[in-house]
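Reader: I've got the sequence and the model open side by side. Can you walk me through a few spots?

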Amino acid sequence: MAETIKKTIELKSLDELSGILGTYDENLTNLARELNLLAYVDGMKLRLEGNAEDVRLGEAVVQALAQTVRGGERIDGAKIAYCIELAREGKVEDIALLESGVVAITARGKQIKCKTVGQKAYVEAIKKNTVVFGVGPAGTGKTYLAVCMAVSAFKSKQVEKIILTRPAVEAGEKLGFLPGDLHEKVDPYLRPLYDALQELLGLETYAKLMERGAIEVAPLAYMRGRTLSNAYIILDEAQNTTKEQMKMFLTRMGEGSKMVVTGDVTQIDLDGKASGLVHATSILDGVEGVSVCKLTAKDVVRHPMVMRIIRAYEQDAEKAEAKKNAQKADKEKTRENSAKGE
């Protein structure tokens, strides 16, 4: 039986303590449960009890959370889960990287910062490259961070226009059943982009920029035949482009423009056709000026439950692939045995 040890961590302020504890000690309860620790408060100190490895991880996580609170960030279940992931990988010190650098500021003055190391690498790639592919599951901030970077570039006059586009591909529903003309039919597909722009710019500024054409939101089909110069161009839901559509989009780039392509290759709705995103990332990775950033379940910044759901699907896919490979190996073995028998 593993020896139980105790560790006392002294916090520097009441703000640090209350931030780590959370409402009704919810954060501390989550930390103790995830690491199988006994954790309690003693004045301005936290006391941890458990086996040596769990206590070591717990101490590293608490120190990282204290640093996060000092940086003005709020602690929630997702942040705790992420810190634990980094601690298990021996990378918890990377949390300090996230406290520096503001990606954007919303219309209400809220600072937008990267919440994971993967997001930080994604943002840095966008700064340094002309074309960036952001590939990863739902909730990793692919689209939102790309829009943040586009708005920052527009405000600093690096570009004259923001163009947001996505393919109008139905996920089990038909466009024909939606009311209105084509623009009204595709509006629901573009809603996440509208929402992000309105949060960052404010409704009034957003409406004015849309009216004078400085911001354009349109289905991918409207990009054909154009040259997009001095623009920040974002293609969202790119997993639902065909190879031909992706090539068409990427070759629209004009002088002074930057492109960010985002998508989730586990959510392809193309009825058996090859995804342009999968193809493009395979042939363009390593090309000068192009960066392919792959975000994972660890970069999910929604409810911690989303991370668990994504992991469950990933594990199911891995099991299915292993079963498929095993069946293939059995068939090969049977074929070899048959050949020997002959």
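Reader: Which residue forms a salt bridge with Glu 237?

Author: First, a word on ground rules: this is a predicted model, where local features need pLDDT of at least 70 and side-chain atom pairs count only at pLDDT 80 or more, while totals for chains, interfaces and linings use all residues. Residues are numbered from 1 along each chain as its sequence is written, and side-chain values use heavy atoms, with hydrogens and water left out. A salt bridge here is a side-chain nitrogen of Lys or Arg within 4 Å of a carboxyl oxygen of Asp or Glu. For Glu 237, the closest N and O atoms are 3.0 Å apart, and the partner is Arg 166.

Reader: How many residues apart are Glu 237 and Arg 166?

Author: Helices (H or I, at least four residues) and strands (E, at least two) are DSSP runs, numbered from the N terminus. Glu 237 sits in the loop between E9 and H10, while Arg 166 belongs to strand E7 (residues 161-166). The pair links distant parts of the chain, and the separation is 71 residues.

Reader: Is Arg 166 buried or exposed?

Author: Buried means under 20% relative accessible area, exposed over 50%, and partly exposed in between (1.4 Å probe, protein chains only). Its partner Glu 237 has 26%, so Glu 237 is partly exposed. Arg 166 has a relative accessible area of 8%, so Arg 166 counts as buried.

Reader: What is the phi of Glu 237?

Author: Glu 237 lies in the loop between E9 and helix H10 (243-250). Its phi is positive although Glu 237 is not a glycine, at about 55°.

Reader: And which loop holds Asn 230?

Author: Asn 230 is another non-glycine residue with a positive phi, near 50°. Asn 230 is partly exposed, at 31% relative accessibility. Look in the loop between strand E8 (215-219) and strand E9 (231-235).

Reader: Back to charges: why are Lys 127 and Glu 124 about one helical turn apart?

Author: These two form a salt bridge, with the closest N and O atoms 3.5 Å apart. Lys 127 is exposed at 52% relative accessibility, whereas Glu 124 is partly exposed at 27%. An α-helix has 3.6 residues a turn, so residues three or four places apart point the same way. Lys 127 and Glu 124 are separated by about one turn because, in helix H6 (residues 117-128), they are three residues apart.

Reader: Which residue pairs with Lys 208 in a salt bridge?

Author: The partner sits four residues away in helix H9 (residues 203-211), about one helical turn. Lys 208 is exposed, and so is the partner. With the closest N and O atoms 3.5 Å apart, that partner is Glu 204.

Reader: How many salt bridges does the structure hold?

Author: Some share partners: Lys 161, Glu 216 and Arg 226 are joined into one network that way. For the whole structure, the count is 12.

Reader: What arc do the buried residues of H11 cover?

Author: In helix H11 (residues 276-284), the buried residues are Gly 276, Leu 277, Ala 280 and Thr 281. They lie on the same side of H11 because their arc around the axis, taken from the directions from the helix axis to the C-beta atoms, is only 125°.

Reader: Which elements do those buried residues pack against?

Author: Contact means heavy atoms within 4.5 Å. By that cut-off, the buried residues of H11 pack against strand E6 (131-135), H10, strand E10 (258-263) and strand E11 (290-294).
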